[in-house]
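Please find below a short note for a colleague who has not yet examined this entry. The sequence and structure come first.

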Amino acid sequence: MTQMTQMVTAPPKGMAVREGEGAAVRADGAVEVLVGSALAAGELGLTRGELARAVQLGIVRAGPPTAGGAARFTRAELARVREAAPGQPDALRRQVETVAGAQGAAEVLGVGPSRFTRLARCGHLTPVGYRINRYRAVVWLYLAAELREFADREPRMLRGTAPAEDRELLAAKGDLRPRTWRGRHVGLLLRRTADPWARAAVLACVLPEDELRAAVPDPAERIVLAALAPPPPYGHPQVPAAAAVAEGLLRAGPPDEVHWYRTSLEFALTGARAQSKSTGERGPT
């Protein structure tokens, strides 16, 4: 379990805190200086978008947020990232660099857009994010570093005919991109917390509403899970029409995928309920 921190409105007496910084008191009484996203990105030599991607990927660990939910980062974490990335910020930028859409991704792989689309739709390449364009179409984002690694690892996939299973999936108009992205997104969120209720909330937010109600019949528990639900991923649109399209990406679709998340949620809740009964830390008892 990670040490809990408490935000403070003013630093302790004698502690120097610069503009744009805050402070938090850990459970052991130690005080940590916290900086906002803009300042943290500048100190790491990244844009705010690149910093958000680094947080998503677990490269940079965010500290306790402000009361309004804005991200904050400890000075110790920024120092750790700088020491762990020789040649930064270029090294950090290479880790979080993304390309958008089939055309850009295909150029990185050195193939045509149609072949790239086939590889992605059949699950050989996993998106790291998405955008919704003005036509309300999904534009998938891919890590450039992963595309280069795939090209080096699977040169045979970049030429020749598609495997039989790929041809069958395409003939059925299948597209695994939403599913593989959800799996990646959920996995990254689970890696960022050890709290049983927070982990259950990550799994709950992927289920369609009817499946969630069936899996969690207790309204009090659903309130807890909703309160702990992670925010929408970076790049999630604010415009209602585009947001409605993106919302569909956040929910499991195929029956076997829904079953997997529901089973995983039920297992996570068993552990969360046991913790609440033994410690009373969080959640209904």
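The numbered points below concern a sheet, the helices beside it and the cysteines of this predicted model.

1. Sheet order. Three strands form an open sheet in the order 5-7-6, and their pairing is antiparallel. Strand 5 and strand 6 are the edge strands, each of them pairing on one side only. On average, neighbouring strands of this sheet are turned by 30 degrees against each other, direction ignored.

2. Pairing of strand 5 with strand 7. Strand 5 covers residues 98–100 and strand 7 covers residues 138–143; the two run antiparallel and are joined by 3 bridges. Within this pairing, alanine 100 lies opposite leucine 141 of strand 7.

3. Pairing of strand 6 with strand 7. Strand 6, residues 129–132, is also antiparallel to strand 7, and 4 bridges join them. Isoleucine 132 has valine 138 of strand 7 as its bridge partner.

4. The hairpin. Strand 6 and strand 7 form a hairpin, with 5 residues between the two strands. A reader inspecting the turn may wish to look at arginine 136, whose phi is positive, at about 65 degrees.

5. Helix 5 and the sheet. Helix 5, which spans residues 101–109, lies across strand 5 and strand 7. The direction of helix 5 is at about 130 degrees to strand 5.

6. Helix 5 and helix 7. Two packed helices are described by the angle between their axes and the distance between the axes. Here, helix 5 packs with helix 7 (residues 144–153) at an angle of about 45 degrees, and the axes are 9 Å apart. Helix 5 is therefore oblique to helix 7, since this angle falls outside the ranges that count as roughly parallel, roughly antiparallel or roughly perpendicular. The crossing of the two helices is right-handed.

7. Residues at the helix contact. Helix 5 contributes Ala105, Val108 and Leu109 to the contact with helix 7. From helix 7, the contact is made by Ala144, Leu147, Arg148, Phe150 and Ala151.

8. Cysteines. How many disulfides does the count give? The count comes to 0 disulfides, on the rule that a pair of cysteine sulfur atoms must lie within 2.5 Å. As for exposure, cysteine 122 counts as buried because its relative accessibility is 10%, and the cut-off for buried is under 20%. Cysteine 205, with a relative accessible area of 23%, is partly exposed.

Methods:
Residues numbered from 1 in each chain as written. Predicted model: local features only at pLDDT ≥ 70, side-chain atom pairs only at ≥ 80, totals over all residues. Heavy atoms only, no water. Buried < 20%, exposed > 50% of the residue type's maximum accessible area, 1.4 Å probe, protein only. Pairing = 2+ DSSP bridges. Helix = DSSP H or I, 4+ residues; strand = E, 2+ residues; numbered from the N terminus. Axes fitted to C-alpha atoms, helices over the stretch in contact; angles between N-to-C directions. Contact = heavy atoms within 4.5 Å. Parallel < 35°, antiparallel > 145°, perpendicular 65-115°, else oblique. Left-handed = near helix turned anticlockwise from the far one by under 90°.
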